[in-house]
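Here is a walk through one protein model, with an eye on side-chain contacts and strand pairing. Have the viewer open while you read.

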Amino acid sequence: MSTRSLYEERAGWPWWVHLLVSITLVAVVIPLVELLRGNIGIGPGAMPVWGAVVMALVGIGLPGSIYALMGQLRTRVTGEGIDIRWGFLEVIKKKIPFESIEKAEAVTYSPIGEFGGWGIRLGGGKKRAWTVRGKRALLLHLKDGTRFYLGSEKPERMLQWVLSAKKKRRGE
């Protein structure tokens, strides 16, 4: 896909998820620090060094990794299709070429009712969703029968860009 972006939208977790991740991190780090201050070493009742390393990696690394991998949804409309990437590291990604899109529309839906929440979700049949917050999405009807809900705070604007780029690609 072309790397030149015609339209880009970034959606992050709602404020309460950031707060929850921060509280979880603090709740794990404080006891970890207290434990590590005097209980690492050799001797009765001492924690082995490898145990402390494992606790640090799990206690700090796990929430940090989840945040880095899932902290935002970045959607780009390019001249060839839609490029979607998860997290600040953008390791999880999906490209949807215009040729595979039959129809697109801006919708309001129920993420909890239809998918059990936000995130990368599978619904009944060939329903998929990539969302981080809210109840608005660009619904892509793909030629293989899949209905793909792409979370957006401004799905009407994204729809305009998708339709415009798709039309331009066909030479209209």
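What follows goes through the strands, the salt bridges and the ring contacts of this predicted model.

## Strand 2 and its neighbours

Let's start with strand 2, which covers residues 72–78. Seven of its seven residues are buried, so the strand is largely enclosed by the rest of the structure. That goes for both faces: Gln72, Arg74, Arg76 and Thr78 are buried on one side, and Leu73, Thr75 and Val77 are buried on the other. If you're scanning for charged side chains, note that two of the residues on the first of those faces are Arg74 and Arg76.

Strand 2 has strand 1 as an antiparallel partner, with seven bridges joining the two. In that pairing, Glu8 sits opposite Arg76. Strand 2 also pairs with strand 3, again antiparallel, over five bridges. Here Leu73 is the residue facing Trp86 of strand 3. Strands 2 and 3 make a hairpin, with two residues between them.

## The five-stranded sheet

Further along the chain, five strands make an open sheet with mixed pairing, in the order 5-8-9-7-6. Which strands sit at the edges? They are strand 5 (101–108) and strand 6 (119–122), each of which pairs on one side only. From one strand to the next, the twist averages 15 degrees.

At one end of that order, strand 6 pairs with strand 7 (residues 127–131) in the antiparallel sense, over four bridges. To find the register in your viewer, look for Gly119, which stands opposite Thr131 of strand 7.

## Salt bridges

Across the whole structure, a search turns up ten salt bridges. Asp83 takes part in two that are worth pulling up. With Arg76, its closest N and O atoms are 3.4 Å apart; with Arg85, the N to O distance is 2.9 Å. Are these residues buried or exposed? Asp83 and Arg76 are both buried, and Arg85 is buried as well. These three belong to a wider network of salt bridges that also takes in Glu8, Arg10, Arg74 and Glu90. Arg76 therefore turns up both in this network and among the buried residues of strand 2.

Elsewhere, Glu156 and Arg136 meet in a salt bridge with an N to O distance of 2.0 Å. Glu156 belongs to helix 4 (residues 155–170) and Arg136 to strand 8 (residues 136–142), so the pair ties together parts that are 20 residues apart in sequence. Glu156 has 41% relative accessibility and counts as partly exposed. Arg136, at 24%, is partly exposed too.

## Aromatic pairs

The same kind of whole-structure search gives six aromatic pairs. In one of them, the rings of Tyr7 and Trp161 have centres 6.2 Å apart and planes at 15 degrees, so the pair is stacked. This pair links distant parts of the chain: Tyr7 is in strand 1 (residues 5–12) and Trp161 in helix 4, 154 residues apart. Tyr7 is buried at 9% relative accessibility, whereas Trp161 is partly exposed at 34%.

Trp86 and Trp130 form a tilted pair, with 6.2 Å between centres and 50 degrees between planes. Since Trp86 lies in strand 3 (residues 81–86) and Trp130 in strand 7, the pair ties together parts that are 44 residues apart in sequence. Both tryptophans are buried. Ring pairs bring in Phe148 as well, giving a cluster of Trp86, Trp130 and Phe148.

## Two lysines to check

Lys127 belongs to strand 7 and is buried, with a relative accessible area of 12%. What does Lys127 lie over? It is the face of Phe115, at 5.2 Å from the ring centre. The side chain of Lys127 also makes a polar contact with the side chain of Glu114, at 3.0 Å.

Lys167 is located in helix 4, and its 42% relative accessibility counts as partly exposed. The C-alpha atoms of Lys167 and Gly79 are 10.0 Å apart, although 88 residues separate the two along the chain.

How values were computed:
Residues numbered from 1 in each chain as written. Predicted model: local features only at pLDDT ≥ 70, side-chain atom pairs only at ≥ 80, totals over all residues. Heavy atoms only, no water. Salt bridge = Lys/Arg side-chain N within 4 Å of Asp/Glu carboxyl O. Buried < 20%, exposed > 50% of the residue type's maximum accessible area, 1.4 Å probe, protein only. Pairing = 2+ DSSP bridges. Axes fitted to C-alpha atoms, helices over the stretch in contact; angles between N-to-C directions. Phe/Tyr/Trp six-rings, centres within 6.5 Å; stacked < 30°, edge-to-face > 60°. Lys NZ or Arg CZ within 6 Å of the ring centre and 35° of its normal. Polar contact = N/O pair within 3.5 Å; in protein donor to acceptor, adjacent residues only side chain to side chain.
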